[in-house]
Amino acid sequence: MFTFAIKRFAVAIPTLFILITLSFFLMQMAPGSPFTGDFNMPPEILANLEAKYHLNEPLWKQFAYYLSDLLHGDLGPSFKYKDYTVNELVAQSFPVSLTIGSIAFVITVIMGVGLGTLAALKQNSWVDYTVMTFSMVGVVLPSFVIAPLMVLAFAVVLPWLPAGGWNDGSWQNMVLPVAAMAILYVAAVARIMRSSMIETMNSNFIRTARAKGLPNSHIIFKHALKPSLLPVVSYLGPAFVGIITGSVVIETVFGLPGIGQHFVNGALNRDYSLVLGLTVIIGALTILFTAIVDILYGLIDPKIRVGR
Amino acid sequence: MKKPSKALKLAGIPALTLAAAIAATTASAAIVPAGTQLSDVQEITRGNGAEPASLDPQKVEGTPGSRVTRDMFEGLVTQDLEGNTIPAQAESWNVSADNKVFTFKLRKDAVWSNGEPVTAGDFVFAFQRAVDPVTASNYAWYMKIPTIINASNIIAGKAPVDSLGVKAVDDKTFQVTLEKAVPYFIKMLAHQTTFPVPKKVVEKFGADWTKAENIVSNGAFVMDKWVVNERIVLKRNTKYWNDKETVLDQVTFLPIASQTAELNRYKAGELDLTNEISSKHFVSLQKEIPGEIKITPQLGTYYYEFNTQVKPFDDVRVRKALSYAINRDAITKSITKKGELPAYAFTPEAVAGFTPPATDYSLMTQKERNKKAKELLEAAGYNKSNPLKLNLLYNTSESHKDVAVAVSYMWKSLGVQTTLENQEWKTFLDTKNEGKFEVSRAGWIGDYNEPSTMLDLKTTGHGNNDGKWYNKRYDQIMAESRLVSSDEKRVALYEEAEKILAEEMPIAPIYQYVTHRMVKPWVGGYTTKNVEDNIYSRDLYIKKH
């Protein structure tokens, strides 16, 4: 296990480096700059701005500055939000996305796995059809349709919950965004879980268990569940990073101060440092969680245990 | 010789006594009509459109930031409900005979929210900061317009910052010296770039001074909380010199970019004022709640710009033909629909002290214009067998697309074949800047209420003259307008400038902007007369509901 972690780490560093390098230069290739706006600034004012952010220096030098700051944990000043550094923006927005995402994730695991298992065990019954219909709707309807509909229904027509805002993380403000986010993933997980469970239930070792006369619940929880979870884990592992780093649609619709909004606005504003900083963070998290998935794989299925 | 204080005249009360003048200054506060029952909770929530790029007065860019800074800070002058300039931190000022030296007397009771007095030194510090290359303010150019001594040189790094033409004569006397007599200088001082900042606080906290835990301000409100992309909460500043006439205790700004999301939150009762109204909801809102729709003429024009450096748009006949063929009435009545006025001049009618002159094509009927357009285009060598083909560029947006489609249809009747091209905002700006366009959508909102804020755009070398149209006489007129002291002469010059624009048609004005927003019926003090859309929260109050 230890050597596995070391190996993973050794691969992660160059991967991240390539990611940063590519993002850094691609970002610069986009037309426009952080300072283009509807007013075309006189050249001397533009020069002052560029000097302040080192944009007047050769690209390789800018890249070197960036890497050196990054090694010190400094993601640099935001080009757009002049009163903030990228570190500050991340510190303010990440907890929001993380909270919403983590709750949505827990709901996804419990409901997705539960509903999927239920549908598989009651295959071709009304339970199965209901779950699969719900799941079809959840998968097909994009969040930019579901989220505004939820606001209309539960905040405007029925004034039960706030239509938006974070309000320092009050539970009322979390209900709708968490639900809007979870629906999509619950639907997907339920589908994956169902087909995987059906497959497992039809396999030889379950037949053997049945032949031995084991009780049904024992068969399901002790023998069938674990192997059925494998495809769910491989789906949720990478998806987890996406969930906790925020969805721009959900954050825009519900006015949440999370990371998703920063990512998209950062790109539109050509806020080089903000976009790069978020790329680094999301990249690092993705690498980390892919590794965790690999470890989980081993725990669930001894056949593919790593490090041996 | 010194002229008497101009403050009184600007406040719109030329012949009153000093006592009356002081009473009149209270216009910079909520005017609650007698008999109005106020709500027990004086809190308001305003839609702000986007997250401010900064709340540092010298670094603010864009409307969202300027709205919040106008509530937190106060400059030498401010505006009343009708947009007139009135005294604020300066209680009066003297102007030298040559109109170049302005001496401001600061109010004795002007203090920062930490209780320390606002001094002339704070103003000196702020003005210097605005031009200091180290600050790298996007708005540094704003200090060049009134030609404050050495402003241009300092920005260009050719002179030290302390050589700027500003001086603290004593703690409460601030003096500005201009290179040229710029007649609208006082008016420009209601803009946030010229607001004072607390020198000691800025020096102590550096870039962090605008954070809620550090900031100190001198306006009617002071910051309480700032959550990027969610809200900015301001609390009443009890140290504000006119706090006794402020009614609101709390102002919250929400940076909601999506118009649909904003409207939902308005309907859910989470917002009292929206930032704007989306076109797709406007008609239905007009049926449902017409009383809550507030429309104000705005200091801005929507127009199409011709790239005069590429053929055939170097031919004035082509430019005129295309401009004449645009049915502006149809666009304002059927497409924009929010009460916009058709535009035949670059300067909008909303501007103070100037009415754009009637030009020959503004007086024709659309039928006559169409006929004339056909003639002009034929004279330029375009007809059915040799149709004019052009590319119309606009930045990606539903409303720009609607106008572009309509205009291309209008041009089609001239036999013109239009290709529409949309680009993402920054790409669009880059393309225009590099001159890689034929005809492009454009729009301009004035920075101060004076025709030059529009007309300067078409001068040679102006950064936003993307069509690269140059006219010697036009440049002369705009240079001269800065030097004449008589208002009448200046108006005559502006009229001539507009006539040149109509004759040369480097741009085709389309409509005059309006601001549009939803306002809850219980909000008092909302004005529809400030054409710069400067809605100061200190003027607002909440009625019992």
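## How sure is the prediction?

pLDDT is the predictor's confidence in each residue, from 0 to 100. Keep that in mind here, since the model you are looking at is predicted. Chain B has a mean pLDDT of 92, and 95% of its residues reach 70 or more. For the complex, the predictor gives an ipTM of 0.90 and a pTM of 0.90.

One stretch calls for care. Over residues 1–26 of chain B, pLDDT stays under 50, and the model has 39 contacts beyond four places in sequence for these residues. Where pLDDT is low, the predicted coordinates should not be read in detail.

## Chain A and its contact with chain B

Let us begin with chain A. Its secondary structure comes to 12 helices and 0 strands, so to walk along chain A from the N terminus is to meet one α element after another. Taken along the principal axes, its C-alpha atoms fill a box of roughly 85 × 60 × 30 Å.

How many residues does the contact take from each chain? There are 39 residues from chain A and 39 residues from chain B. On chain A, the elements that give two or more residues to the side touching chain B are α2 (43–52), α4 (86–121), α6 (143–157), α10 (248–253) and α11 (259–268). The residues on this side of chain A divide into 21 nonpolar, 12 polar and 6 charged.

## The two domains of chain B

Now turn to chain B. The domain assignment gives it domain 1 (10–249 + 519–538) and domain 2 (297–515). Notice that domain 1 is written as two stretches of the chain. The C-alpha centres of domain 1 and domain 2 of chain B lie 34 Å apart.

The domains of chain B also touch: 14 residues of domain 1 are in contact with 13 residues of domain 2. On the domain 1 side of this contact in chain B, the residues divide into 7 nonpolar, 3 polar and 4 charged.

## A sheet of four strands

In chain B, look for an open sheet of 4 strands in the order β4-β5-β7-β6, with antiparallel pairing. Why do two of these strands have a side without a neighbour in the sheet? β4 (90–95) and β6 (166–170) of chain B stand at the edges and have a single partner strand each, so one side of each is left free of a neighbour in the sheet. On average, neighbouring strands of this sheet are turned by 25° against each other, direction ignored.

At one edge, β6(B) pairs with β7 (residues 173–177) of chain B in the antiparallel sense over 4 bridges. Here Val166(B) stands opposite Val176(B) in β7(B). Helix α4 (residues 120–131) of chain B packs on the sheet and touches β5 (101–106), β6 and β7 of chain B. The direction of this helix makes about 175° with that of β6(B). Back in the loop between β4 and β5 of chain B lies Asn99(B), which has a positive phi of about 60° although it is not a glycine.

## A sheet of six strands

Chain B has another open sheet, of 6 strands, in the order β12-β16-β11-β15-β13-β14 and with mixed pairing. Which strands are at the edges? They are β12 (341–342) and β14 (417–423) of chain B, each pairing on one side only.

At one edge, β12(B) and β16 (residues 507–518) of chain B pair in the antiparallel sense over 2 bridges, with Leu341(B) opposite Gln512(B) in β16(B). At the other edge, 7 bridges join β13 (residues 389–395) of chain B to β14(B), and these two run parallel. In this pair, Leu392(B) stands opposite Leu420(B) in β14(B). To get from β13(B) to β14(B), the chain passes through helix α15 (residues 398–412) of chain B in a right-handed β-α-β crossover.

## A hairpin and a cis peptide bond

Two local details of chain B are worth finding. Strands β8 (residues 221–227) and β9 (residues 231–236) of chain B run antiparallel and are joined by 6 bridges. Val222(B) stands opposite Lys235(B) in β9(B). This hairpin has 3 residues between the strands, and Asn229(B) takes a positive phi near 70° in it.

The other detail is a cis peptide bond that joins Lys311(B) and Pro312(B), with omega about -5°. You can find Pro312(B) in the loop between β11 (293–306) and α11 (316–324) of chain B.

Methods:
Residues numbered from 1 in each chain as written. Chains lettered and ligands numbered in written order. Predicted model: local features only at pLDDT ≥ 70, side-chain atom pairs only at ≥ 80, totals over all residues. Contact = placed C-beta atoms within 7 Å. Nonpolar A, V, L, I, M, F, W, Y, C, P; charged D, E, K, R; others polar. Pairing = 2+ DSSP bridges. Axes fitted to C-alpha atoms, helices over the stretch in contact; angles between N-to-C directions. Domains from an automatic or database assignment. Right-handed = clockwise from strand over helix to strand, strands pointing away.
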